[in-house]
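Hi,

Here is the structure I said I'd pass on. Have a look at it first, and my notes follow below.

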Amino acid sequence: MGGGERSSSQKEELVESLLLDQDSHKPNELSLKKNNTQRKYFGANEEFGKEFFEFEDWKNTDFSKFEEEIFNLRRLKAFEEIIKSYDSLKLQDRNLDEAKEKLLSYKPGAWKEMVGCMKISDYDVPKTVTLLLIGPKGSGKSSLVNRILRVFEGDKFTSERAQVTYNSSDEDGTLYLHEYMIPKDSTSFCIYDTRGLFEDSYDNYEMIERWMTEGVRHGELALRASDTPNEEGKARETSCLKEARMVNYVIFVIDALSVLRSMAGDTHYKSLLQSSWCCPYLSYGDDKPVVVCTHGDLLSDADRTRVRIRLGELLGIHPAKQIFDISEKFDPETDLAVVDMLTYSLLHADKHLPVKKRSPKKVQTASCHLSLLYMKM
């Protein structure tokens, strides 16, 4: 994002740009009627609140006006939070080295919040926490792997470990599952790069179900049910891990440029995102995956913000707290965004650690103890 904290005039210019309708890019006349004061844009609309709650004739009230106002106020609030997050990264309000140190000291289960009488020994804690990258083909999953690795390996001139597809129209892309330890000499957590999602929702659903229920193996070929013999013939025998790693959390990767195109009328990408996002295997309880927007460095500040707000509305998640803008730029603010995203992911991975399955013998012993205790009473 642009250097330094933004002035009020710069924020107002971004606001005016944001108030374009998200789908048609036409001005939203109702919102543009607001005064050009920062209080009107970012503070509570006192006149609106008073007018809303002091109506006497509720039956004749046109509530669609208020619904639109509430929608626009919610959008502007999200806008302000996103801009503040960009400014915070740029100004380095938090120390990058300290944030990295906290992440590097992470051990599986260390951030688990205990509830009730549960202890960490009651949970099935993996030796290595597995974060799965999922997203449409060409969304930048492999590039994101390399960007993450650069944060912890220090030298931006080192060779990239993940193979990046330069031509996004290439039909192959990533065919095999690839495991990357973060950092490479650690065993605390790893990231899995996967094959991209295509427009066939059945194929995508089947792949996601397999990865989430059976686990993932480094070097495993990720074939789709609809792959032709010619496509299968492109694959070569490779060694893969015998033991599968169960997925602990999902990182959903989305190309910001494609989102912007969909806002201009291209509905294919929007449909692909919605159908993939709705797959129940991606969620852990009520928690949806974290989202990473890539290629934002190719967009203006206003468009980057607009994309995150649009995705928040489309996917039903908070655009400032659960959607991270991570480009391929090599700067401290992007490094901090990477660390924040991984910290968020590991916190949620620990949150949803599965409870250990108790053996029938232990269950029987526990039942006997309870029976004896009841008899003594």
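Keep in mind that this is a predicted model. I started with Asp-335, which sits in helix 13 (residues 332-351). Its relative accessibility comes out at 17%, so with the cut-off for buried set at under 20%, Asp-335 counts as buried. Leaving aside residues up to four places away in sequence, Asp-335 is in contact with Leu-96, Arg-147 and Val-151.

Arg-147 turns up again in the cavities. There are five of 30 Å³ or more in the structure, and the one I looked into is the second largest, with about 60 Å³ of space. Its lining is made up of Gly-140, Ser-143, Leu-144, Arg-147, Thr-294, His-295, Ile-326, Ser-327 and Glu-328. Helix 7 (residues 141-153) gives the largest share of that lining, with three residues. As for character, the lining has five polar residues, two charged and two nonpolar.

The other element worth a look is helix 12 (residues 301-315). From first C-alpha to last, its 15 residues reach 21 Å, close to the 21 Å you'd expect at 1.5 Å a residue. Helix 12 is also largely enclosed by the rest of the structure, because 13 of its 15 residues are buried. Just after helix 12 comes Gly-316, which takes a positive phi of about 80°.

That's what I have so far; shout if you want to go through any of it together.

Cheers

Methods:
Residues numbered from 1 in each chain as written. Predicted model: local features only at pLDDT ≥ 70, side-chain atom pairs only at ≥ 80, totals over all residues. Heavy atoms only, no water. Helix = DSSP H or I, 4+ residues; strand = E, 2+ residues; numbered from the N terminus. Buried < 20%, exposed > 50% of the residue type's maximum accessible area, 1.4 Å probe, protein only. Contact = heavy atoms within 4.5 Å. 1 Å grid on protein atoms, 1.4 Å probe; cavity = no way out; pocket = protein on both sides within 12 Å on 5 of 7 lines; lining within 4 Å. Points joined across faces, edges and corners; volume = space filled by probe spheres on them. Nonpolar A, V, L, I, M, F, W, Y, C, P; charged D, E, K, R; others polar. Expected span 1.5 Å × (residues − 1).
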